Amino acid sequence: MNSSNSRIRLLRQFILIAASVATVAGQAEQSQSAPVQEEAAAIRQHHLKRLTERLTVEPAVLEGRCRYESDISTPPPLNRVALTFDDGPTESGTEEILAVLQKYKIHATFFMIGEKARQHADLVAKVRAAGHDVVANHSWSHPNFHDIDVARQTGEVLRTDSLTTPDGPKLFRYPYGNSTCETNQLVHEHGYKIVGWHIDSCDWAYDKSGAIDAREAISCGVPRQYQNDYVGHVLAAARSRRGGIILMHEIHPNTLKSLDAIVAGLLAGGFEFGMVTDEDFQSSLR
Ligand SMILES: [Zn+2]
């Protein structure tokens with residue numbers, strides 16, 4: 001996002017979102033459960049903050065502060081996709097996902113929140129047993145790393161460290177994708193690779209019925225024709241990036257409901273499934 005064109009595009013998005021964010025927050029989430037609603041509201045708020053910052057702060061300054069390293073700008077391995085599921089484990093979601101992955105005999109990466117993983121050790125074990133041997137670090141309690149001090153950032157990472165697969169590859173993903181130079185250094189010292197995404201499925205913005213508000217769609221870059229078609233949006237994004245690491249969240253009912261169709265659609269589109277730990281995805285990690 002270095003060109004003035006992209007800043008103009010962001011400005012347009014920002015104006016539209018700022019005008020509508022309160023309305024949208026009220027409408028889109030009415031049918032969701034309270035924790036999911038809160039999480040979606042938090043993502044929405046951080047999304048807006050990110051757009052604002054990218055418009056008002058010079059790109060070089062943001063880069064110097066290591067702020068937004070999670071949007072991967074380098075190309076993925078051609079026509080290869082890697083599914084990633086954040087914010088679990090969850091009581092019904094994790095097993096639903098495992099069943100779909102098992103049906104298609106593919107593997108994915110789970111970026112788990114430490115405190116949830118501690119509560120659901122059985123689910124962590126099931127994910128490992130199914131061959132998804134990476135139970136990656138997504139912090140202990142999912143704060144925005146831009147809003148907390150370095151000591152708390154360190155605690156969030158290290159407390160979750162013991163839950164990662166022993167002797168396995170170590171992967172870290174920032175909550176909301178919001179990175180800092182201090183935590184970049186910390187996780188590298190502890191042998192982690194940082195995992196962002198090529199494709200944001202924007203699943204947090206789709207409601208339970210699979211619809212996204214017009215203005216929210218603009219903020220997440222969902223084309224108009226996919227406002228009622230989450231699966232179509234993910235498939236189109238994969239075609240446009242020619243593969244890549246796909247960001248999804250296991251806490252959203254629409255994501256779970258759509259997963260089978262997404263996998264089937266990607267396979268029909270000629271994509272091959274890999275994991276972020278595969279050799280050819282290494283250049284996409286930091
Ligand atoms: Zn998350």
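**From one loop out to the whole fold**

Let's start at His142, which lies in the loop between S3 and H7; helices (H or I, at least four residues) and strands (E, at least two) are DSSP runs, numbered from the N terminus. What you're looking at is a predicted model, in which local features need pLDDT of at least 70 and side-chain atom pairs count only at pLDDT 80 or more, while totals for chains, interfaces and linings use all residues. Residue numbers run from 1 along each chain as its sequence is written.

His142 isn't a glycine, yet its phi is positive, at about 65 degrees. Ser139 does something similar, with a positive phi of about 80 degrees although it is no glycine either. Ser139 sits in the loop that joins strand S3 (135–137) to helix H7 (150–161). Are these two buried or partly exposed? Ser139 is buried because it has 25 other C-beta atoms within 10 Å, while His142, with 18 C-beta neighbours inside 10 Å, counts as partly exposed. The cut-offs work like this: 20 or more other C-beta atoms within 10 Å of a residue's own make it buried, 12 or fewer make it exposed, and in between it is partly exposed, with C-beta atoms placed from the backbone.

Step back along the chain and you reach Asp133, in the loop between H6 and S3. Asp133 is partly exposed, since it has 16 C-beta neighbours inside 10 Å. Leaving out residues up to four places away in sequence, Asp133 touches Arg128, Thr165 and Gly168 (contact means C-beta atoms, placed from the backbone, within 7 Å). Gly168 is 35 residues away along the chain, and its C-alpha atom is 7.4 Å from that of Asp133.

H6 brings us to a helix pair. Two packed helices are described by the angle between their axes and the distance between the axes. H4 and helix H6 (residues 121–129) pack at about 10 degrees, with 10 Å between their axes, so H4 is roughly parallel to H6. Axes here are lines fitted to C-alpha atoms, for helices over the stretch in contact, with angles running from 0 to 180 degrees between N-to-C directions; under 35 degrees counts as roughly parallel, over 145 as roughly antiparallel, 65 to 115 as roughly perpendicular and the rest as oblique. H4 brings Thr94, Glu95 and Leu98 to the contact, and H6 brings Leu123, Lys126 and Val127. By class, that gives 3 nonpolar, 1 polar and 2 charged residues (Ala, Val, Leu, Ile, Met, Phe, Trp, Tyr, Cys and Pro are nonpolar, Asp, Glu, Lys and Arg charged, and the others, Gly among them, polar).

On either side of H4 there are loops to look at. Pro89 lies in the one between S1 and H4, and the peptide bond into it from Gly88 is cis, with omega near -5 degrees. Lys105 is in the loop between H4 and strand S2 (109–112). Lys105 is exposed because it has 8 other C-beta atoms within 10 Å. Its C-alpha is 9.6 Å from that of Phe273, 168 residues away in sequence.

Now into strand S1, home of Phe85. With 30 C-beta neighbours inside 10 Å, Phe85 counts as buried. Not counting residues up to four places away, Phe85 touches Ile97, Ala108, Phe110, Met248, His249 and Glu250. Thr109 is 24 residues from Phe85 in sequence and 6.3 Å away, C-alpha to C-alpha.

Which elements cover the buried residues of H11? They include strand S1 (80–88), helix H4 (93–104), helix H10 (230–241) and strand S7 (243–249). The residues they help to cover are Pro253, Asn254, Thr255, Leu256, Ser258, Leu259, Ile262, Val263 and Leu266. Helix H11 (residues 253–268) has 16 residues, so at 1.5 Å a residue it should span 22 Å, which agrees with the 24 Å between its end C-alpha atoms (the expected span is 1.5 Å times one less than the number of residues). H11 also has a kink of about 45 degrees centred on Leu259, the bend being the angle between axes fitted to the seven residues ending there and the seven starting there. Just after H11, Gly270 has a positive phi of about 90 degrees.

H10 itself holds Arg239, which is partly exposed, with 14 other C-beta atoms within 10 Å. The C-alpha atoms of Arg239 and Asn79 are 8.1 Å apart, though 160 residues separate the two along the chain.

Finally, the overall picture. The protein has 11 helices and 8 strands, and 42% of its 286 residues are buried. Of the contacts between residues at least 6 apart in sequence, 79% join residues at least 24 apart.

Terms used. Two residues are in contact if their C-beta atoms, placed from the backbone, lie within 7 Å.
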